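Visitor: Give me a close look at the salt bridges, please. Take them pair by pair, then move on to the surroundings.

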Amino acid sequence: MSKAAWTLLGKPSPLVGRERELRQTLELVEASFEELEPSAILITAHPGMGKTRLLGELVRALRQRYPELAIAPGAAHSLAPGSALGMLGSALRGLFRIQAGEPAATQRDRLARAAARTGESGEKRRATEILAEVLGIAAPEEPGVRVGSVRQSPGIVAERLRAACIDLLRGMATSRPLLVLLEDLDGGDGPSVKILDTALRELDGLPVVVLASARPELSERFPSLWSERNMQEIRLNPLSRRASVELGRAALGSLATEEQLIAITDRAGGNPFFLEELARVVAQGSDAGLPETAFDAARVRVGALPPELARIAIAASVFGDAFWKSGLVAVLGDNAGGSIEHLLADIAARELAARRPSSRFAGEEEWVFRHAMLRDASYEAFPAPERAEAHGRAARWLLRLGEPDPGVLAEHFERAGEDARAADFHQRAGELALRAADHATAIARADRGLACAFGRRDPGATVDPS
């Protein structure tokens, strides 16, 4: 999530029509922190309704009220949803500033310093070693550490993983308020959800809040999500007509007539993303008419990009929600069409993507699409015959950088048509799921790996452990 202020047509965009939800969520978080009662808050809405925007405003407000606030930012990977411990793993990496691409010794040192806050014993040390493996940190060469000795006992490994994760969260929350911030939980994984369920129970008396956003389909994937814990759900409904007109007027000012404001308000149906995209169409004075749907509007935006910027957006979409400057160079090769820095600055100025303040990979500049529909529209524009090569280049770049999630690498290699390498990483992802006691995902990964190994794969397949 970018810390930059939200802009629309180059101007700061006010948060309109979500004041009540913002106030309500802030009150719930503050009550949990002040009363030392762990709680979960779930923000649900259909695509384009403003979940990401609301989370950004919440984080800014909470940082002002709690300067010492610790944030564990986790997200499901759009390319490999459901990867075992993918969501919690990314949250812990963010919390302790463990970046892939750093020397393994550096990553392990940061994890060890975090574990030291828990009063690390020999048992906890073994659990931390297992956690390091799950986080994608290379195993040490120390003779006394025997991570592999418990690989054949998934129940034991899963319990030690759970204990290690909760100890790390407890160690942080003992000294400051802790916010576990999860985006797109509907693409999350069972082990992460279960561990956080236990954490909400066992961290009683500490200032801990799990704040998650998701689409309404979450209830189908996790029907009893944290039902026995202190959880509140806040649903983002469509903006009111008054709020929609206010947002459109703030964006367009004198660029639009009252009739145009009414037209885009009616067409958007209270969807903020769609309304913003319609405002862009009006501001550009296009005679092509208003797009029919929000995704049509995203297609229009991508289709109107100059060729050199379209190449950047299309290459970026291969990576998923987030992408990296040198990763674009790896995918595009000599076809970048100009200075990457200059082109990315133009992408940011057009409000298609924004730079993140921190990165998954050490020393790499990370960017994120402003909305998943812009990413999907960019990927749709990628000529199908060229996608395979792009995924292969992306996979090799991620492999060099130390991508910690084998499921991500498996997806890239499979889409690249490199079945042998895809089978290997599906197997690794399955082993990881097994160690986390996520048997359904382990079986699904094993099936995918075997299909790749024996040439029976479905090019459109995804792992669905539900």
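Guide: Start with Glu-30, which has 23% relative accessibility and so counts as partly exposed. Keep in mind that this is a predicted model. The partner to look for is Arg-65: the two residues form a salt bridge, with 2.5 Å between the closest N and O atoms. Glu-30 sits in helix H1 (residues 19-35) and Arg-65 in helix H2 (residues 51-65), so the bridge ties together parts 35 residues apart in sequence. Arg-65 is also partly exposed, as its relative accessibility of 43% falls between the cut-offs of 20% and 50%. In general, side chains of opposite charge can pair when their charged atoms come close. The cut-off here is 4 Å between a side-chain nitrogen of Lys or Arg and a carboxyl oxygen of Asp or Glu. By that rule the model holds 36 salt bridges.

Next, turn to Arg-162 and Glu-202. Their side chains meet in a salt bridge, at 3.2 Å from N to O. This pair, too, links distant parts of the chain: Arg-162 belongs to helix H6 (residues 154-173), Glu-202 to helix H7 (residues 190-202), and 40 residues separate them. Arg-162 has a relative accessible area of 17%, so it is buried. Glu-202 reaches 32% relative accessibility and is therefore partly exposed. The pair does not stand alone. Salt bridges link Glu-159, Arg-162, Arg-201 and Glu-202 in a network.

Now a third pair. Glu-277 and Arg-301 form a salt bridge, the closest N and O atoms lying 2.7 Å apart. Glu-277 is in helix H11 (residues 272-283) and Arg-301 in helix H12 (residues 294-303), so the bridge joins parts 24 residues apart in sequence. Here both Glu-277 and Arg-301 are buried.

Stay with H11 to see the setting of Glu-277. Of the 12 residues of H11, 11 are buried, so the rest of the structure largely encloses this helix. Among the buried residues are Phe-273, Phe-274, Leu-275, Leu-278, Val-281 and Val-282. Charged residues are on that list as well, including Glu-276, Glu-277 and Arg-280. The cover over the buried residues of H11 includes strand E1 (7-8), helix H9 (241-252), helix H10 (258-268), H12 and helix H16 (372-380).

The helix itself has 12 residues and spans 16 Å from its first C-alpha to its last, close to the 16 Å expected at 1.5 Å a residue. Check its two ends. At the N-terminal end, Asn-271 acts as a cap: a side-chain oxygen lies 3.1 Å from the backbone nitrogen of Phe-273. Just after H11, Gly-285 takes a positive phi of about 65 degrees.

Finish at the sheet. Five strands make up an open sheet with parallel pairing, ordered E4-E5-E6-E3-E7. Strand E4 (70-75) and strand E7 (231-235) are its edges, each pairing on one side only. On average, neighbouring strands of this sheet are turned by 15 degrees against each other, direction ignored. Strand E3 (residues 39-44) runs parallel to E7, and five bridges join the two. One position to inspect is Leu-42, whose bridge partner in E7 is Glu-233.

Notes:
Residues are numbered from 1 along each chain as its sequence is written. This is a predicted model: local features need pLDDT of at least 70, side-chain atom pairs count only at pLDDT 80 or more; totals for chains, interfaces and linings use all residues. Side-chain values use heavy atoms; hydrogens and water are left out. Helices (H or I, at least four residues) and strands (E, at least two) are DSSP runs, numbered from the N terminus. Buried means under 20% relative accessible area, exposed over 50%, partly exposed in between (1.4 Å probe, protein chains only). The expected span of a helix is 1.5 Å times one less than its number of residues. Contact means heavy atoms within 4.5 Å. A polar contact is a pair of N or O atoms within 3.5 Å; within protein, one must be able to donate a hydrogen and the other to accept it, and residues adjacent in sequence count only if both atoms are side-chain atoms. Two strands pair if DSSP finds at least two bridges between them. Axes are lines fitted to C-alpha atoms, for helices over the stretch in contact, and angles run from 0 to 180 degrees between N-to-C directions.
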